[in-house]
Amino acid sequence: MTDAGPRSATEWRAAAQTFATEYVRPRAESIDRDDRIPSELVRALAAQKFTALGLPPDWGGQPADTATVSAVLEELAAASAAVAVTLAVHLSVCATPISQWGTAGQQASWLPALARGDRIGAFGLTEPGAGSDTASLRTRYEHVPEGFVLNGSKTFISNAATAGLLLVFASRDPSLGSHGISAFLVPGGTPGFSVTQRFDKLGLRGSETTELLLENVRLPATALLGPEGGGLKVALSALAGGRVGIASCALGVARAAFEEMRRRVRLEDADWKRTLLARSFVELASARALVEGAARRRDSGQPFTTEASAAKLVASRAAVFIASAGMDVAGPSGAISGAAPERLLRDARVFPIVEGTTEIQELILARALLEDDPPRTA
Ligand SMILES: Cc1cc2nc3c(=O)[nH]c(=O)nc-3n(C[C@H](O)[C@H](O)[C@H](O)COP(=O)(O)OP(=O)(O)OC[C@H]3O[C@@H](n4cnc5c(N)ncnc54)[C@H](O)[C@@H]3O)c2cc1C
């Protein structure tokens with residue numbers, strides 16, 4: 001692969017496959033064991049321009065549609081879910097919202113560094129008392145002469161410890177509900193911003209998950225992303241795109257688990273093993289169809305929120321089903337620490353929670369289906 005980076009969708013997928021085989025898969029076990037992605041690996045991702053995918057070329061981005069980004073994330077996730085999720089968060093819920101909502105000045109200030117991977121992006125919405133119910137944020141912002149001051153805390157935030165830039169959501173007045181929420185760009189290292197805890201978790205180990213404190217964080221007026229009071233819109237549009245990214249990562253894990261299982265099942269094996277393989281194939285194919293369908297709809301400029309939720313729900317369910325079936329097929333050897341089946345199962349189990357739980361995807365889907373006029377069908 002050249003430094004200029006490949007161009008077509010097929011070339012990007014092939015480049016991701018090569019990168020996954022050469023750099024990621026050999027380190028997947030140690031990333032999981034040490035709960036850390038080596039910084040050289042992040043630099044290598046950036047050197048191959050994966051951190052610039054889909055961002056505007058004027059700011060150092062590499063042209064790529066959603067289907068291409070999805071293919072890259074799937075390939076990386078099939079080698080290490082943690083690496084893919086780190087990239088998905090950086091691209092989908094930090095850099096892309098800046099491309100979408102940022103002023104020319106904000107894009108010029110932040111996108112080149114994000115595209116180069118000099119800054120890795122994070123997204124800070126969830127709080128100790130506000131997860132699924134995003135409108136009930138307690139993190140507050142106030143106006144001051146030079147801009148804004150933020151106070152509050154965030155939890156379960158990916159990429160934040162090493163983040164060069166964090167998109168943070170805060171409320172001017174919680175009694176205003178969703179209308180009080182605004183989005184802010186907070187550079188890593190801003191005084192008053194600190195990581196108070198890094199969680200040791202079941203799966204996606206290596207993708208850091210942290211608790212943050214914002215204590216009198218002073219920001220210039222240019223830190224406001226999108227209209228004041230429009231923060232929830234920024235968050236929801238980022239999350240809709242983010243769900244296609246996370247669904248692609250779940251698809252990669254589902255595929256890796258399927259391939260693991262396939263290697264262990266023989267034609268002469270018991271019915272139950274062959275049945276699990278067949279069911280897993282159907283789960284994987286359904287997830288792929290929904291993920292590719294959601295990406296296609298987004299790329300063709302059609303509304304895609306419903307498809308993104310369906311893709312995220314089904315791909316994360318497929319990952320859990322196949323990884324769990326794979327553990328049954330592998331038996332005790334698959335349960336040993338460091339064995340691929342046990343890592344895949346732990347990774348898979350986190351996907352139904354991140355970027356909106358399965359129950360929340362069902363609520364989004366039901367609302368969209370009931371509000372659609374004319375009513376849509378699948
Ligand atoms: C590994 C990891 C990484 C994450 N990264 C980020 C990140 O980068 N940025 C960020 O902002 N957040 C992040 N999150 C947070 C994640 O988005 C939230 O955990 C998720 O949205 C759920 O919120 P909660 O944990 O507060 O659960 P809650 O909202 O308290 O939900 C608890 C349970 O109740 C169910 N539930 C809640 N409301 C309803 C309802 N109305 N109807 C039916 N069931 C309901 C949920 O489905 C869930 O099963 C991450 C989480 C994890 C685990």
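**Close-up views of the predicted model**

**View 1. Residue classes in the shell around the ligand.** The shell around the ligand divides into 11 nonpolar, eight polar and two charged residues. The model shown here is predicted. In total, 21 residues surround the ligand. Which of them are the closest? They are Thr126, Gly131, Ser132, Thr357 and Glu359. Three elements each supply at least two residues of this shell. Two are strands: S1 (121-124) and S3 (147-158). The third is helix H12 (358-371).

**View 2. The ligand and its two domains.** The domain assignment splits the protein chain into domain 1 (9-119), domain 2 (122-229) and domain 3 (232-371). Where does the ligand shell lie relative to domain 2 and domain 3? Both domains give residues to the shell, so it lies between them.

**View 3. Where domain 2 meets domain 3.** The C-alpha centres of domain 2 and domain 3 are 29 Å apart. Their contact takes 14 residues from domain 2 and 12 from domain 3. Look at the side of domain 2 that touches domain 3: nine of its residues are nonpolar and five are polar. No charged residue is found on that side of domain 2.

**View 4. Helix H7 beside helix H9.** Two packed helices are described by the angle between their axes and the distance between the axes. Here the helices are H7 (residues 231-264) and H9 (residues 305-330). Their axes come within 8 Å and cross at roughly 25°. An angle under 35 degrees counts as roughly parallel, so H7 is roughly parallel to H9. The crossing of H7 and H9 is left-handed. By class, the contact of H7 with H9 has 21 nonpolar, four polar and four charged residues.

**View 5. Helix H7 beside helix H11.** Helix H11 covers residues 340-350. The axes of H7 and H11 come within 10 Å and cross at roughly 155°. How do the two helices run relative to each other, roughly parallel or roughly antiparallel? Angles over 145 degrees count as roughly antiparallel, and H7 and H11 are therefore roughly antiparallel to each other. Their crossing is left-handed. H7 brings Val253, Ala256, Ala257 and Glu260 to the contact. H11 brings Ala340, Pro341, Leu344, Asp347 and Ala348. Seven residues of the contact of H7 with H11 are nonpolar, none are polar and two are charged.

**View 6. Helix H4 across helix H7.** Helix H4 (residues 66-79) packs on H7 at an angle of about 40°. The axes of H4 and H7 are 7 Å apart. At this angle, H4 and H7 are therefore oblique to each other. H4 passes H7 in a right-handed crossing. From H4, the contact is made by Thr66, Val69, Ser70, Leu73, Glu74, Glu75, Leu76, Ala77 and Ala78. From H7 come Val244, Gly245, Ser248, Cys249, Leu251, Gly252, Val253, Arg255 and Ala256. The contact of H4 with H7 has 10 nonpolar, five polar and three charged residues.

Note on methods. Residues numbered from 1 in each chain as written. Predicted model: local features only at pLDDT ≥ 70, side-chain atom pairs only at ≥ 80, totals over all residues. Axes fitted to C-alpha atoms, helices over the stretch in contact; angles between N-to-C directions. Helix = DSSP H or I, 4+ residues; strand = E, 2+ residues; numbered from the N terminus. Parallel < 35°, antiparallel > 145°, perpendicular 65-115°, else oblique. Left-handed = near helix turned anticlockwise from the far one by under 90°. Contact = placed C-beta atoms within 7 Å. Nonpolar A, V, L, I, M, F, W, Y, C, P; charged D, E, K, R; others polar. Near = placed C-beta within 6 Å. Domains from an automatic or database assignment.
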